[in-house]
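Welcome! Below are a few short exercises to work through with the sequence and the 3D view open. Try each task yourself before reading its solution.

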Amino acid sequence: MTGRAIALVAAAGVAALALAGCGASNAAVSAGSPSAGATGGAKVPLVVYSAQGYDSDVTKAFSAATGIPVKLVDDSTGPLLTKVQAEKNNPQWGLLWVDGDTAFAALDQQGMLAPYTPSAALTAAGQKLVPSDHSYVPVSTTVMAAVIYNAAKTSTVPASYDDLATAPYRGKVGMNDPSQSGPTFPFVAGMMNQLGGQSNGMAAGEAYFSKLKSNGLHVYPTNGDTLHALETGQIDYGIIQSSAAAGEVLKAKKSATFDPKVAYLPKATLLPGVIGIDKKAPAEVQAEAKQFVDYVLSPAGQKVMQTADPQGDSLYWPIVPGVQAPAALPAMPDFQRIDPAFWGPLEGQINTWFDSAIK
């Protein structure tokens, strides 16, 4: 999710997780000193913070293609964003790659991102996701949320989000924690946007999630935890990211007691996969990061993205011309796009409320 009260989120932020010992692009070469590459030595490592299931394969392929060494710091989106905020005055990353443009809009408003316009073309849908100042680059899309349900236990399928707060679903619905699961904040913000818009969205959204809680909502850390609860019968319905839902349908061992199916309710919130470049990184690191963005959007990079995690994050809808969505995906469901510049800076405030009132 992203934030709401810009002043509040800037002041509050998110409690820093002590993920120590991560090597840094900035630490390896200070902004005021000549880089190793400039003096004829080895290239400066590009430190990539990423929450993508295919990131290890992509970074290795990028290094093989360019000779640029990469240090990958892989974690869930929530902890990575916390880490980025904790390092605001001394960034240890060169490139950030997670799902959700709301987080990047908030980082942009804090002056933390270096603008870049990639060489690759994007589809018409992809171009609509590019911010006016080019402060970050969309590279893929999923939606949040898909409702995955166990058809072996229930034949009741929701037709709207309101249905999930009614008696047939009491105690049977689970979702991710927006403080841990980065894709979940855009879902919460999306519900607020859909129910009350920018003028009354927070109040309307709080009322909705309070109804879900009163109806026995379960909250788990991330997609994997919510899916585990579905698999083990703790819940019958899970509100998760579309790629995770599609992957579960592909890999689950179907039985008389477990048969996962997916429903998309009106309207899902579009969730771009996004890359941002650290504005404080040395010029050489920024140049490497720009090469990384171009590689990701190239045919070679897209091929790695679509094959490296075939039952997970590879299940995205592409925004690069000529790249087709995986056969396991349905057509893009009806979706809304929320304004990341409005909702992003409110993430801290919304997540704090969710933590205290819903979890």
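**Exercise 1: The largest pocket**

Which element gives the largest share of the lining of the largest pocket?

*Solution.* Keep in mind from the start that this is a predicted model.

Step 1. Begin with the pocket itself: its volume is about 470 Å³, and 27 residues line it. Nearest its centre lie Ala-51, Asn-223, Gly-224, Gln-241 and Asp-313.

Step 2. Look for the elements that give two or more residues to this lining: they are helix H8 (223–231) and helix H9 (242–251).

Step 3. H9 provides the largest share, five residues.

Step 4. Now sort the lining residues by character: 15 are polar, eight are charged and four are nonpolar.

**Exercise 2: A residue of the pocket lining**

Find Asn-223 and decide whether it is buried or exposed.

*Solution.* Step 1. Asn-223 belongs to helix H8.

Step 2. Its relative accessible area is 15%. The limit for a buried residue is under 20%, so Asn-223 counts as buried.

Step 3. List its partners, leaving out residues up to four places away in sequence: Asn-223 touches Asn-176, Ile-240, Gln-241 and Ala-244.

**Exercise 3: Rings that pair**

Work out how the rings of Trp-97 and Phe-292 are arranged.

*Solution.* Step 1. A pair of aromatic rings is described by two things, the distance of the centres and the angle of the planes. The structure holds 14 aromatic pairs.

Step 2. For Trp-97 and Phe-292 the centres are 5.7 Å apart and the planes stand at 80°, so this pair is edge-to-face.

Step 3. Place both residues in the chain. Trp-97 sits in strand S3 (residues 95–99) and Phe-292 in helix H10 (residues 283–296), so the pair links distant parts of the chain, 195 residues apart.

Step 4. Check their surroundings: Trp-97 and Phe-292 are both buried.

Step 5. Compare with another pair, Phe-342 and Trp-343. Their ring centres are 4.9 Å apart with planes at 85°, so this pair is edge-to-face too. Phe-342 is partly exposed at a relative accessible area of 26%, whereas Trp-343 is buried at 1%.

Step 6. Finally, follow the ring pairs outward from Trp-97: they join Tyr-54, Phe-62, Trp-97, Phe-292, Tyr-295 and Tyr-316 into a cluster.

**Exercise 4: The nonpolar cores**

How many residues does the largest nonpolar core have, and which have the most contacts inside it?

*Solution.* Step 1. This core has 31 residues, and those with the most contacts inside it are Leu-164, Met-175, Phe-187 and Phe-209.

Step 2. Strand S4 (137–150), strand S5 (173–176), helix H7 (184–214), strand S7 (237–241) and helix H13 (347–357) each give two or more residues to the core. The largest share, nine residues, comes from H7.

Step 3. Zoom in on Phe-209. Not counting residues up to four places away in sequence, Phe-209 touches Met-175, Phe-187, Val-188, Met-191, Trp-353, Phe-354 and Ile-358.

Step 4. A second, separate core has 30 residues, including Trp-97, Val-285, Phe-292 and Val-323.

**Exercise 5: A mostly covered helix**

Find helix H5 and list which of its residues are buried.

*Solution.* Step 1. Helix H5 spans residues 101–109, and seven of its nine residues are buried.

Step 2. The buried residues are Asp-101, Thr-102, Ala-103, Phe-104, Ala-105, Ala-106 and Leu-107.

Step 3. They pack against helix H4 (77–86), S3, H7, strand S9 (268–277), helix H12 (340–343) and H13.

Step 4. Just after H5, look at Gly-111, which takes a positive phi of about 75°.

**Exercise 6: One strand residue and the whole chain**

Describe the setting of Leu-72, then step back to the chain.

*Solution.* Step 1. Leu-72 lies in strand S2 (residues 70–74) and is partly exposed, at 27% relative accessibility.

Step 2. Its C-alpha atom is 4.9 Å from that of Val-48, a residue 24 places away along the chain. Beyond its neighbours within four places in sequence, Leu-72 contacts Val-48, Ser-50, Asp-55, Ser-56 and Thr-59.

Step 3. Now take in the chain: it has 13 helices and 10 strands, and buried residues make up 53% of its 359 residues.

Terms used:
Residues are numbered from 1 along each chain as its sequence is written. This is a predicted model: local features need pLDDT of at least 70, side-chain atom pairs count only at pLDDT 80 or more; totals for chains, interfaces and linings use all residues. Side-chain values use heavy atoms; hydrogens and water are left out. Rings of Phe, Tyr and Trp (its six-membered ring) pair if their centres lie within 6.5 Å; planes under 30 degrees apart count as stacked, over 60 as edge-to-face and the rest as tilted. Helices (H or I, at least four residues) and strands (E, at least two) are DSSP runs, numbered from the N terminus. Buried means under 20% relative accessible area, exposed over 50%, partly exposed in between (1.4 Å probe, protein chains only). On a 1 Å grid over the protein atoms alone, a cavity is a set of points where a 1.4 Å probe fits but cannot get out, and a pocket is an open set with protein on both sides within 12 Å along at least five of seven lines; lining residues have an atom within 4 Å of a point. Grid points are joined across faces, edges and corners, and a volume is the space filled by probe spheres set on the points. Ala, Val, Leu, Ile, Met, Phe, Trp, Tyr, Cys and Pro count as nonpolar, Asp, Glu, Lys and Arg as charged, and the others, Gly among them, as polar. Contact means heavy atoms within 4.5 Å. A nonpolar core is a set of buried Ala, Val, Leu, Ile, Met, Phe, Trp, Tyr and Cys residues joined through side-chain atoms within 4.5 Å.
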